[in-house]
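Please follow the chain through the structure shown below. The explanation begins in the interior and proceeds outward.

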Amino acid sequence: MKIKKIISCFLALILLIGAVGCTAASPQQSDSQQQESQPQKPPAIEAAQKTLVIYFSATGSTKAVAETIAETLEADIDEIIPEQPYTSEDLNWRDETSRVNAEHEDADFRPAIAGDIKDLSAYDTIFIGYPIWWGEAPNIVWNFVESYDFSGKTMIPFCTSSSSGLGSSGETLAALAPDAEWLEGQRFPSNASAEDVVNWVKGLELNP
Ligand SMILES: Cc1cc2nc3c(=O)[nH]c(=O)nc-3n(C[C@H](O)[C@H](O)[C@H](O)COP(=O)(O)O)c2cc1C
């Protein structure tokens, strides 16, 4: 009788330990189940630092500088092409009746750009090049800058000219796209040497 009692007590103790063990294990189980049911976080995507060189060039000087910048940085390059190309008569600034004079006198005029709207979303840094016309970027460059959302992008103006400096041309563009970060631009002579352009680009330390 006594042995029976001891055995039944022993069994009861084993059952009790088993029950406690089970309850202790259940939160662990539900934890791991919870983890399994939680959506997996996507791996962190490193933002690619992509650079675009875009330019308008009526007679090729700015185009040459743009190409050197793009080659130096292994950047993409694109051109702002006017829907109506500029002839040499159009560009004759000495002729008061020329196209460029008419455009210059009407600050609100925006010459149309040929082609589709470009997808610039992939680019973090955009070099924007143009010839200096009467101390400023041509109206078609204003049109380009007004046509896009450059917020969060770094913009770097560059220009070519016969003798004028960059002047206020960079600030004028910056005012048209104030949500971008505009760096100080650079002026080159019409016949800029590739070496000068490369040195300037390297000095910017964009890809340290
Ligand atoms: C309409 C017009 C206005 C210009 N105004 C200036 C000027 O104010 N200052 C200057 O130094 N050069 C001026 N230039 C010369 C151009 O800036 C220079 O030739 C430039 O390098 C041309 O670049 P592109 O070949 O890319 O068009 C002017 C040229 C044109 C056609």
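In this predicted model, the largest nonpolar core holds 36 residues, of which Val53, Ile69 and Val141 touch the most other members. Six elements each supply at least two residues of this core, namely β1 (51-55), α2, β3, α4, β4 and α6 (194-203). In soluble globular proteins, nonpolar side chains tend to be buried together. Ile69 offers a place to begin: when residues up to four places away in sequence are set aside, Ile69 touches Val53, Phe127, Val197 and Val201.

The core may now be placed within the whole chain. The protein contains 6 helices and 6 strands. Read from the N terminus, the order of these elements is α-β-α-β-α-β-α-β-α-β-β-α. Of the 208 residues in the protein, 25% are buried. Among the contacts with a separation of 6 or more, 76% join residues that are 24 or more positions apart.

Strand β4 (154-161) is a useful guide to the arrangement of the strands. Of the 8 residues in β4, 6 are buried, and the strand is thus described as mostly covered. Which strands pair with β4? One of them is β3 (125-131), which pairs with β4 in the parallel sense over 7 bridges. Within this pairing, Thr125 stands opposite Thr154 of β4. Strand β5, made up of residues 181-182, also pairs with β4 in the parallel sense, here over 2 bridges. Met155 has Trp182 in β5 as its bridge partner. Strand β6, residues 186-189, runs parallel to β4 and is joined to it by 4 bridges. In β6, Pro189 is found opposite Ser161.

The path from β3 to β4 includes a helix. Together, β3, α4 and β4 make a right-handed β-α-β unit. Helix α4 covers residues 139-146, and its buried residues are Ile140, Val141, Trp142, Phe144 and Val145. Val141 has already appeared as one of the core residues that touch the most other members. What lies over the buried residues of α4? The covering elements include β3 and α5 (169-176).

A contrast to these buried positions is given by Ser121, which lies in the loop between α3 (99-105) and β3. Is Ser121 buried or exposed? Ser121 counts as exposed because it has 9 C-beta neighbours inside 10 Å, and a residue is exposed if that number is 12 or fewer. Ser121 and Phe150 are 29 residues apart along the chain, while their C-alpha atoms are separated by 8.7 Å.

The final topic is the ligand. How many residues are around the ligand, and which come nearest? There are 21 residues around it, and Ser57, Thr59, Ser61, Thr62 and Pro131 come nearest. The elements that give two or more residues to this shell are α2 (61-73) and β4. The largest share, 3 residues, comes from α2. By character, the residues of the shell divide into 8 nonpolar, 12 polar and 1 charged. Both α2 and β4 are also among the elements that each supply at least two residues of the largest nonpolar core.

Key:
Residues numbered from 1 in each chain as written. Predicted model: local features only at pLDDT ≥ 70, side-chain atom pairs only at ≥ 80, totals over all residues. Near = placed C-beta within 6 Å. Nonpolar A, V, L, I, M, F, W, Y, C, P; charged D, E, K, R; others polar. Buried ≥ 20, exposed ≤ 12 C-beta atoms within 10 Å, placed from the backbone. Contact = placed C-beta atoms within 7 Å. Pairing = 2+ DSSP bridges. Right-handed = clockwise from strand over helix to strand, strands pointing away. Core = buried A, V, L, I, M, F, W, Y, C linked by C-beta atoms within 7 Å.
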